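Here is a short set of exercises to work through with the model open beside you. Try each task on your own before reading its solution.

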Amino acid sequence: MAQQIINVGTSANDGTGDPLRLSQQKANANFTELYDSKQNKLTAGTNITIDNTDPLNPVISSSGGGGGGGAVASV
């Protein structure tokens, strides 16, 4: 899905922008796409640790060298 832009109209309250319900549907669709495409799998390499306590903010640290990889969820 492409980003959905909310039409805010030409000036405040001129009636040319998206209605409130449509604008919120666009916002929800945009956020759903972002959350669905977040990093969903991390594989640690040598000397790398991953603290995935908070899946939206994993902490990745290394102690010299190694490699790793990741896969992004399909949308």
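Helices are DSSP runs of H or I with at least four residues, strands are runs of E with at least two, and both are numbered from the N terminus. With that in hand, Asn30 can be placed in helix H1. Keep in mind throughout that this is a predicted model.

**Exercise 1. Overall layout and confidence**

Task: work out how many helices and strands the protein chain has, and in which pattern they follow one another.

Solution.
- Step 1: The protein chain contains one helix and four strands.
- Step 2: Along the sequence these elements are arranged as α-β-β-β-β.
- Step 3: Now look at burial: 5% of the 75 residues of the protein chain count as buried.
- Step 4: For contacts between residues at least 6 apart in sequence, 37% link residues at least 24 apart.
- Step 5: The exposed area of the protein chain is about 5800 Å², with carbon and sulfur atoms supplying 53% of it.

Task: find where confidence is lowest and where it is highest in the protein chain.

Solution.
- Step 1: The protein chain has a mean pLDDT of 79, and 72% of its residues reach 70 or more.
- Step 2: Strand E4 (residues 69-72) has the lowest confidence, with a mean of 54, while H1 has the highest, at 91.
- Step 3: Where pLDDT is low, predicted coordinates should not be read in detail.

**Exercise 2. Asn30 and the start of the chain**

Task: decide whether Asn30 is buried or exposed, and say which backbone oxygen its side chain reaches.

Solution.
- Step 1: The relative accessible area of Asn30 is 17%.
- Step 2: The cut-off for buried is under 20%, so Asn30 counts as buried.
- Step 3: The side chain of Asn30 reaches the backbone oxygen of Gln4 at 2.8 Å.
- Step 4: Setting aside residues up to four places away in sequence, Asn30 touches Met1, Ala2, Gln3 and Gln4.

Task: give the C-alpha to C-alpha distance between Gln25 and Gln4, and classify the accessibility of Gln25.

Solution.
- Step 1: Gln25 sits in helix H1, which covers residues 20-36.
- Step 2: Gln25 and Gln4 are separated by 21 residues in sequence and by 9.4 Å in space, C-alpha to C-alpha.
- Step 3: Gln25 has a relative accessible area of 39%, which lies between the 20% and 50% cut-offs, so Gln25 is partly exposed.

**Exercise 3. The salt bridge**

Task: find which side chains meet in a salt bridge, and how many salt bridges a search of the whole structure finds.

Solution.
- Step 1: Searching the whole structure turns up one salt bridge.
- Step 2: Its partners are the side chains of Asp18 and Lys26, at 2.7 Å from N to O.
- Step 3: Lys26 belongs to helix H1.
- Step 4: With a relative accessible area of 15%, under the 20% cut-off, Lys26 is therefore buried.
- Step 5: Apart from neighbours within four places in sequence, Lys26 is in contact with Gln4, Ile5, Ile6, Asn7 and Asp18.

**Exercise 4. A surface patch and a backbone angle**

Task: name the residues that make a nonpolar surface patch of about 460 Å².

Solution.
- Step 1: The patch is made by Phe31, Leu34, Tyr35 and Leu56.
- Step 2: One of these residues, Tyr35, is placed in helix H1.
- Step 3: Patch members need over 30% relative accessible area. Tyr35 has 49% and is partly exposed.

Task: state what is notable about phi of Asn13.

Solution.
- Step 1: Asn13 is in the segment before H1.
- Step 2: Phi of Asn13 is near 55 degrees, a positive value in a residue other than glycine.
- Step 3: At a relative accessible area of 83%, over the 50% cut-off, Asn13 counts as exposed.

**Exercise 5. Strands E2 and E3**

Task: locate Ile50 and Ile60, then give the distance between their C-alpha atoms.

Solution.
- Step 1: Ile50 is in strand E2 (residues 48-51), and Ile60 is in strand E3 (residues 59-62).
- Step 2: The two are 10 residues apart in sequence and 4.6 Å apart in space, C-alpha to C-alpha.
- Step 3: Ile50 and Ser62, 12 residues apart in sequence, have their C-alpha atoms 8.9 Å apart.
- Step 4: Ile50 is partly exposed at 30% relative accessibility, whereas Ile60 is exposed at 52%.

Notes: Residues numbered from 1 in each chain as written. Predicted model: local features only at pLDDT ≥ 70, side-chain atom pairs only at ≥ 80, totals over all residues. Heavy atoms only, no water. Buried < 20%, exposed > 50% of the residue type's maximum accessible area, 1.4 Å probe, protein only. Polar contact = N/O pair within 3.5 Å; in protein donor to acceptor, adjacent residues only side chain to side chain. Contact = heavy atoms within 4.5 Å. Areas by Shrake-Rupley, 256 points an atom, 1.4 Å probe, with all protein chains shown as cover. pLDDT = per-residue confidence, 0-100. Patch = residues over 30% accessible without salt bridge, like charges linked within 9 Å, V, L, I, M, F, W, Y side chains within 5 Å. Salt bridge = Lys/Arg side-chain N within 4 Å of Asp/Glu carboxyl O.
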